[in-house]
Amino acid sequence: MSIETLKKQIKEGISTAIEKAFEVKFESEIKLEIPPEEQNSDFAFACFPLSKILRNAPFKIASQIAENFPETDFLEEVKAVGPFLNFNLKKESFFKTAIEQILEEGESFGSTDFGEKQKFLVEYSSPTTNKPLHLGHIRNNFLGISISRILKMAGYEVETVCLYNDRGIQICKSMLYYEKFENGNTPEKAGMKPDHYVGDLYVKFSKLEKEQPELTEEVQEVLQKWEDGDEATIALWEKMSDWVYEGYNATYKRLGSSFDYTQFESDTYKLGKEISLKGLEKGVFFQKEDSSIWIDLTNEGLDEKLVVRKDGTTVYITQDFGTAAERSEKINFDKMIYIVGNEQEYHFQVLFKILKKYGFGWADECFHLSYGMVDLPSGKMKSREGTVVDADKLLDELKNIAKEKMRTDNIEMNETEIEELAEAIGHGAISFFILKVHPNKRILFNPAESVDFQGMTGTYLQYSHTRICSILKKFGKNLPMEVDFSLLAEPEEVAILRLISNFPEIVKEAAIGQNPSKIASYSYLVAKNFSKFYDRHSVLSLENESQIQARIALLQAVKITLANSLYLLGIKAVEKM
RNA sequence: GCACCGAUAGCUCAACUGGAUAGAGCAACAGCCUUCUAAGUUGUAGGUUGAAGGUUCAAGUCCUUCUCGGUGUACCA
C-alpha cells in the first residue's frame, strides 16, 4: 500500500462511476488535483474537460460521478462542489499509508521511476580559468547541483560534467603579466588564495593594457606560442592553471559542487577541428575562397556560421563539437543538458543545429537550460572593472553574519561545530535565495538587503528541521511496531499529511520543468505547516503515550520530507542551531 | 531592424502548466515566551496581474498589437 495506490484507486473509481452513469467506456488519463485549502479535502477532480465528451454540464457530471462512485473502504466521502469533485480519505488509513511509506523509504522518499533510468548528462559550472568564481557562477553551480539531484530523484541516471575553458587570450594575459612583473612570485608568498592571485594579475593587466596598447600585441604572441606548443609557455600555463584549479576546488567544496567528469577545452578543441574537417568532406560544411570553413544555416532560419578561420585556428563554437562528441562516445548519454546563462541562447541554437546536420542523432536530446543573469543595483558585473561579487567573499560574509546572530546560550556546541553551523547557515541562505527564483528570471542582487535569515529563507527551513530533530531526540525511544494513527486528526496534522504525501509529485514536476524553485516553495510550505503545528500543539507533554507516538511518527515523516527537499536544494539539514 | 526572455502588493518572489475567492516573505502597525529552540507564531493593511483587443464554460497563464527593461544578432569567449 502506498500513496500512489490510494490515488490510483480514486482514479479507477472515477472511471467506473463515469461508465456507470453515462454508459460510456472511459479510458483517458484522469488528473487528480490538490484542492485549495478552504475546501478541506485531500484530492480533487475538475469535471470541465469531460463536458464535451459526455455532452453534459460539468456540475451535473460531478454530481453523477459522486452518486455512482463505487463503495470503498478507504474513502470518507466524495462530494460534488459545483463542477468539482472533492475526495476525502479516511484519515486513519491515509495517515497510516503515507507515514509508513515515508518512514520506510527514508532518504529515497520522493523517488519515482519517471525517468526510466535514462542517462541524463548535466553540464554545469564550466568557468573560464583566469579568474575566481563570482556570483554568476554561484547561480550556475546551485542550479547544477539542484537539477542533477532532482533528476536523479525523478528516476534518471545522472552524471555531471564540468568543462574548463582553459585556453585563449584571457589566461595569456595573466601569464604575460606574471612573466613581466611577478618575478617568480607564488600565491603562497603573496598570501592569497591561488585563483584570486591569478585573477588579480588579469585585472592588473587589463588596467595596464589601457595605458600601453602595445601589450595587446604581446599577448597575441603568447597565445601564438601556446598554440605552437612552446615548452616554456606551456609550463607557465600549466602552473597557473593548476593554481586556479586548486582555488576552484576549495570553492566547489564549499558550494557543494562535484563532477563525475571534467573536460578541458585545450583538449577538445582539436577534436572539434577534426569534426569540422570531416564535415567538410561529408559536405556538411563548405569552404570559402580564403579557405575558411563555414556552415550554411540559412534554411534553418539562422545565418552562415564560421567554424574554422582561414589561418586554420578554431573559434569558440568549434570546440563544442568536440566536447559534445567526446561525451557521446565516452559517456553515452540519453539526454544532455547544458546549464549556461541566457546570453548564450543563440550559441546553443546554432550548436544543436550543427550537431544535427553533421549527423549526430542525439543532438535532438540536447537542451540548453538558460538562466537569467545576476545583476547588481549598479548594473552588470564586470570582472575587468572589478565590480564582481566574489563567491568566496560572499560565502565568508554570510558565514560571519550567521555566526553573529547565533545564540549559543541554549545549545551546547564546541568551536568546530559553531564554525560548521555558521557555514551551513550562510550557505543555505544564499542557496535558497538564488534557487527560489525561477531560472528564467534575472536576479537583482542587492548585497545589503538581499540575503535574509528570516521569513521565507534557507535559514527558516533549517531552523524548522532542527526543531523537529530536537523533539525526536528528547523522545529518544523507538516507536512500537503498531502506531495508532486514529489519534491524528487535528487540522494542522491533516494539512501536513496532505503536503508531505504530495512530495514525489512535486519532485516530478520540478524534474519536468528543470526548475528547483518548485522545490523551494514546496519545502517552505512544509516548514510553515510544521511551525504552525508546533505553535499550537505540543507533543512530548501529552498524557496519552499512544498519542505521543502517533505525533512522533508524523514528525519523523515531516523530518524526512523536509530533509529530502533540502537535499534537492543542496542545503544542509542541520540538527541543532 | 530582427530573435529570445521578463513585467504580478511599496520591495523580493509564488501561483499544481488553462481551473475553485491571485498567495507568501520583507518593510509598517497590533498581539503571543513559567510550556518540545521566538532565526518562531497570530492578526491588520496592501492588487484593474505593464496597456488594449481576442480565443474559451473558464485567462496572471494561450493568440495579436503596443509600452518598458534585459539579452543576443562576431573570423570574442
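## A tour of the charged side chains

Start by selecting Arg551, which counts as buried at 3% relative accessibility. The model on screen is predicted. Add Glu493 to the selection: its side chain meets that of Arg551 in a salt bridge, 2.7 Å from N to O. The pair links distant parts of the chain, as Glu493 is in helix H17 (residues 491–501) and Arg551 in helix H20 (residues 545–568), 58 residues apart. Glu493 has a relative accessibility of 0%, so it also counts as buried, the cut-off being under 20%.

**The whole chain**

Zoom out to chain A, which has 20 helices and 13 strands. Its C-alpha atoms fill a box of roughly 85 × 65 × 40 Å along the principal axes. Of the 577 residues in chain A, 54% are buried. Take the contacts between residues at least 6 apart in sequence: 75% of these join residues at least 24 apart. If you show the surface, chain A exposes about 27500 Å², with carbon and sulfur atoms supplying 47% of it. Colour by charge next. Chain A has 70 positive and 91 negative charges, and the mean positions of the two sets are 3 Å apart.

**Two more salt bridges across the sequence**

Select Arg442 and Asp375. Their closest N and O atoms are 2.5 Å apart, and the two form a salt bridge. This pair, too, links distant parts of the chain: Arg442 is in the loop between helix H15 (415–435) and strand S13 (443–444), while Asp375 is in strand S12 (residues 374–375), 67 residues apart. Which partner is buried and which is exposed? Arg442 counts as exposed because its relative accessibility is 55%, whereas Asp375, with a relative accessible area of 8%, is buried.

Move to Glu300 and Lys357, whose side chains meet in a salt bridge at 3.9 Å, N to O. These two residues are 57 apart and link distant parts of the chain, with Glu300 in the loop between strand S8 (293–296) and strand S9 (304–308) and Lys357 in helix H13 (residues 345–358). Glu300 is partly exposed at 31% relative accessibility, and Lys357 is partly exposed with a relative accessible area of 34%.

**A network**

Select Arg254, Asp396, Lys399, Lys403, Glu419 and Glu423 together; a network of salt bridges links them. The count of salt bridges in the model comes to 29.

**A buried acid without a partner**

Now select Glu182, in helix H6 (residues 169–182). How far away is the nearest side chain of opposite charge? It belongs to Lys204 and is 4.4 Å away. A salt bridge needs the charged atoms within 4 Å, and Glu182 is buried yet has none. Show what surrounds Glu182: leaving out residues up to four places away in sequence, it touches Tyr177, Tyr197, Leu201 and Lys204.

**The negative patch**

For the last stop, switch back to the surface and select Glu188, Glu238, Asp242 and Glu246, which gather there in a patch of negative charge. Which helix gives the most residues to this patch? Helix H10 (residues 231–255) does, with three. Glu188 is in helix H7 (residues 187–190), and it counts as exposed because its relative accessibility is 74%.

Terms used. Residues are numbered from 1 along each chain as its sequence is written. Chains are lettered from A and ligands numbered from 1 in the order in which they are written. This is a predicted model: local features need pLDDT of at least 70, side-chain atom pairs count only at pLDDT 80 or more; totals for chains, interfaces and linings use all residues. Side-chain values use heavy atoms; hydrogens and water are left out. Helices (H or I, at least four residues) and strands (E, at least two) are DSSP runs, numbered from the N terminus. Buried means under 20% relative accessible area, exposed over 50%, partly exposed in between (1.4 Å probe, protein chains only). Lys and Arg count as positive and Asp and Glu as negative; His and the chain ends are not counted. Contact means heavy atoms within 4.5 Å. Patches are made of residues with over 30% relative accessible area and no salt bridge: like charges are joined within 9 Å, nonpolar side chains (Val, Leu, Ile, Met, Phe, Trp, Tyr) within 5 Å. Accessible areas come from the Shrake-Rupley method with a 1.4 Å probe; for residues, only the protein chains shown count as cover. The place of a charge is taken as NZ of Lys, CZ of Arg, CG of Asp or CD of Glu.
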